[in-house]
Amino acid sequence: MEITNFDNFRYCETVGLANCFKAVSELLGSYFIDVDAVGFNDNSGYVYIALENGISICSLLGRDVEYLATCFDTGEEFFFDSYDDCLDKQRALNKAYNQAS
């Protein structure tokens with residue numbers, strides 16, 4: 001696991017990251033979770049935990065977490081309130097990407 005761009009922890013980012021780790025802990029009872037990276041995106045302001053399956057758990061300004069699926073072909077991002085919905089979308093995106101390759 002790599003931690004990126006977290007040189008200066010601020011209140012909102014710290015609260016947001018704590019929310020992300022809480023979401024990971026809640027998922028561990030039902031899913032195998034493999035963390036790839038943890039970081040802060042300067043462009044969007046989101047803190048995130050990127051998972052090996054392509055989903056990111058993210059929080060903006062310490063708010064509730066969102067689950068992010070990304071199309072690897074176009075870079076388009078899709079935000080969800082639930083992990084299950086995001087997982088379904090990520091699987092569909094991965095399937096479409098693999099069929100196109």
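## Surface

Accessible areas here come from the Shrake-Rupley method with a 1.4 Å probe. In this predicted model, the protein has an accessible surface of about 6,300 Å². Carbon and sulfur atoms hold 48% of that surface. Turning to the interior, 38% of the 101 residues count as buried.

## Overall fold

Let's walk along the chain. The protein has 2 helices and 6 strands, and they follow one another in the pattern β-α-β-β-β-β-β-α.

How does the radius of gyration fit with a compact globule? For 101 residues, such a globule would have a value near 13 Å, and the protein agrees because its own radius of gyration is 13 Å. The C-alpha trace spans about 45 × 30 × 25 Å along the principal axes.

Contacts also link distant parts of the sequence: among those with a separation of 6 or more, 41% come from residues 24 or more positions apart.

## Charges

The protein carries 6 positive and 17 negative charges. The mean positions of these two groups are 4 Å apart.

## A closer look at Ser59

Ser59 is part of strand 4, which covers residues 56-60. Is Ser59 buried or exposed? Its relative accessibility is 1%, so Ser59 counts as buried, the cut-off being under 20%.

Which residues surround Ser59? Leaving out residues up to four places away in sequence, Ser59 touches Gly16, Asn19, Cys20, Gly45, Tyr46, Val47 and Asp64. In addition, a polar atom of the Ser59 side chain lies 2.7 Å from the backbone oxygen of Arg63.

Methods. Residues numbered from 1 in each chain as written. Predicted model: local features only at pLDDT ≥ 70, side-chain atom pairs only at ≥ 80, totals over all residues. Heavy atoms only, no water. Helix = DSSP H or I, 4+ residues; strand = E, 2+ residues; numbered from the N terminus. Rg over C-alpha atoms; globule rule 2.2 N^0.38 Å. Buried < 20%, exposed > 50% of the residue type's maximum accessible area, 1.4 Å probe, protein only. Contact = heavy atoms within 4.5 Å. Lys, Arg positive; Asp, Glu negative; His and termini not counted. Charge placed at Lys NZ, Arg CZ, Asp CG, Glu CD. Polar contact = N/O pair within 3.5 Å; in protein donor to acceptor, adjacent residues only side chain to side chain.
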